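This report describes the fold of one protein chain, the packing of a helix pair, the aromatic rings and two buried residues. The sequence and structure are shown first.

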Amino acid sequence: DPQFYRPEDIIGLYRRYAEHLYRKGDFSSSMDQYILTIGSLESSHVIFRFLDTPKIPLVVKYLEALRAQGLSSVVHDELLRTCYLKLNDPESAGKIIVRSSSSANGVSIPLNPDGTEAPSVPISRNIHASDDPSEMLSAICSLEAPEAAEALVTHGSLLARSLPRETAGVVIALCDGSYSPTALADAAAGRPSVTDSQRDDAYKYPISLFSNAFQENPKLLRLIL
């Protein structure tokens, strides 16, 4: 009887069943279950599992569900627009307006519903746009992988312009499964890492997720690829 379960217990059941279906390869049914966790489960946990090309339509389904519930962010809307373009659906992509037509230094600025520029907002949980790229990258590297990846999707272009090699190093770690905030801190301090590099259960993010960040540095992008 559902009345004997707490809401978080029910969400946990949806999540476990979604992961079970994902492991079985039933990705469509898995996404249906993940949609039931919207508002409770971190969206990046879901999105980054479905970003390879064959699953893009399922990402669209999830992102549209987020929008329908009023829970989508500027990052979500930009990703949805990109997904529609990858699916050769420019008409749907054109309906999603998430950026101003002009912005300083090529940095995108979200708009309020009335068309005015919205103030800068924190991404992930506590990362803010900063005038100091080194400070911003250090803050991103303190995050767990899903949040760090989301932050790089948003600020990757700015960081790659100022700190191309350092940004590329973080991207490579996210893509080969070796990313760890602890390992990065150890490396910065010259300490040997005590974490397991490239763990079997580590998620490996697709390089295409970050490729826009290196459009101004195609040689470095080819090196990463």
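From the N terminus on, the elements of this predicted model run α-α-α-α-α-α-α-α-α-α-α. The protein thus has 11 helices and 0 strands. Of its 225 residues, 40% are buried. Contacts between residues at least 6 apart in sequence include many of longer span: 50% of them join residues at least 24 apart.

**The pair H1 and H2**

Two packed helices are described by the angle between their axes and the distance between the axes. For helix H1 (residues 7–24) and helix H2 (residues 27–35), the axes come within 8 Å and cross at roughly 165°. Because an angle over 145 degrees counts as roughly antiparallel, H1 is roughly antiparallel to H2. The crossing of these two helices is left-handed. On the side of H1, the contact is made by Tyr14, Tyr17, Ala18, Glu19, Leu21 and Tyr22. H2 contributes Phe27, Ser29, Ser30, Gln33 and Tyr34. By class, the residues of this contact divide into 7 nonpolar, 3 polar and 1 charged.

**Aromatic rings**

The count of aromatic pairs comes to 3. Two of these pairs are set out below.

| Ring pair | Centre to centre | Angle between planes | Geometry |
|---|---|---|---|
| Tyr22 and Phe27 | 5.0 Å | 65° | edge-to-face |
| Tyr34 and Phe50 | 6.1 Å | 85° | edge-to-face |

Why do these pairs have the class edge-to-face? Planes over 60 degrees apart count as edge-to-face, and the planes of tyrosine 22 and phenylalanine 27 lie at 65°, while those of tyrosine 34 and phenylalanine 50 lie at 85°.

Tyrosine 22 and phenylalanine 27 also appear in the contact of H1 with H2. Is tyrosine 22 buried or exposed? Tyrosine 22 has a relative accessibility of 15% and therefore counts as buried, since the cut-off for a buried residue is under 20%. Phenylalanine 27, with a relative accessible area of 28%, is partly exposed.

The pair of tyrosine 34 and phenylalanine 50 links distant parts of the chain, the two residues being 16 residues apart. Tyrosine 34 belongs to helix H2, whereas phenylalanine 50 is in the loop between helix H3 (43–47) and helix H4 (56–68). Both tyrosine 34 and phenylalanine 50 are buried. Ring pairs link Tyr22, Phe27, Tyr34 and Phe50 into a cluster. Tyr22, Phe27 and Tyr34 of this cluster are also residues of the contact between H1 and H2.

**Two buried residues**

Leucine 66 lies in helix H4, the helix that follows the loop holding phenylalanine 50. Its relative accessibility is 3%, so leucine 66 counts as buried. Which residues does leucine 66 touch, not counting those up to four places away in sequence? They are Ile38, Ser43, Leu71, Ser72 and His76. Ser43 falls within helix H3 (43–47). Aspartate 77 is 11 residues from leucine 66 along the chain, and the C-alpha atoms of the two are separated by 9.5 Å.

Alanine 93 has its place in helix H6 (residues 90–94). A relative accessibility of 3% makes alanine 93 buried. Leaving aside neighbours within four places in sequence, alanine 93 is in contact with Arg81, Tyr84 and Leu85. The C-alpha atoms of alanine 93 and threonine 82 are separated by 7.3 Å, with the two residues 11 residues apart along the chain.

Note on methods. Residues are numbered from 1 along each chain as its sequence is written. This is a predicted model: local features need pLDDT of at least 70, side-chain atom pairs count only at pLDDT 80 or more; totals for chains, interfaces and linings use all residues. Side-chain values use heavy atoms; hydrogens and water are left out. Axes are lines fitted to C-alpha atoms, for helices over the stretch in contact, and angles run from 0 to 180 degrees between N-to-C directions. Helices (H or I, at least four residues) and strands (E, at least two) are DSSP runs, numbered from the N terminus. Angles under 35 degrees count as roughly parallel, over 145 as roughly antiparallel, 65 to 115 as roughly perpendicular and the rest as oblique. A crossing is left-handed if the near helix is turned anticlockwise from the far one by less than a right angle, and right-handed if clockwise. Contact means heavy atoms within 4.5 Å. Ala, Val, Leu, Ile, Met, Phe, Trp, Tyr, Cys and Pro count as nonpolar, Asp, Glu, Lys and Arg as charged, and the others, Gly among them, as polar. Rings of Phe, Tyr and Trp (its six-membered ring) pair if their centres lie within 6.5 Å; planes under 30 degrees apart count as stacked, over 60 as edge-to-face and the rest as tilted. Buried means under 20% relative accessible area, exposed over 50%, partly exposed in between (1.4 Å probe, protein chains only).
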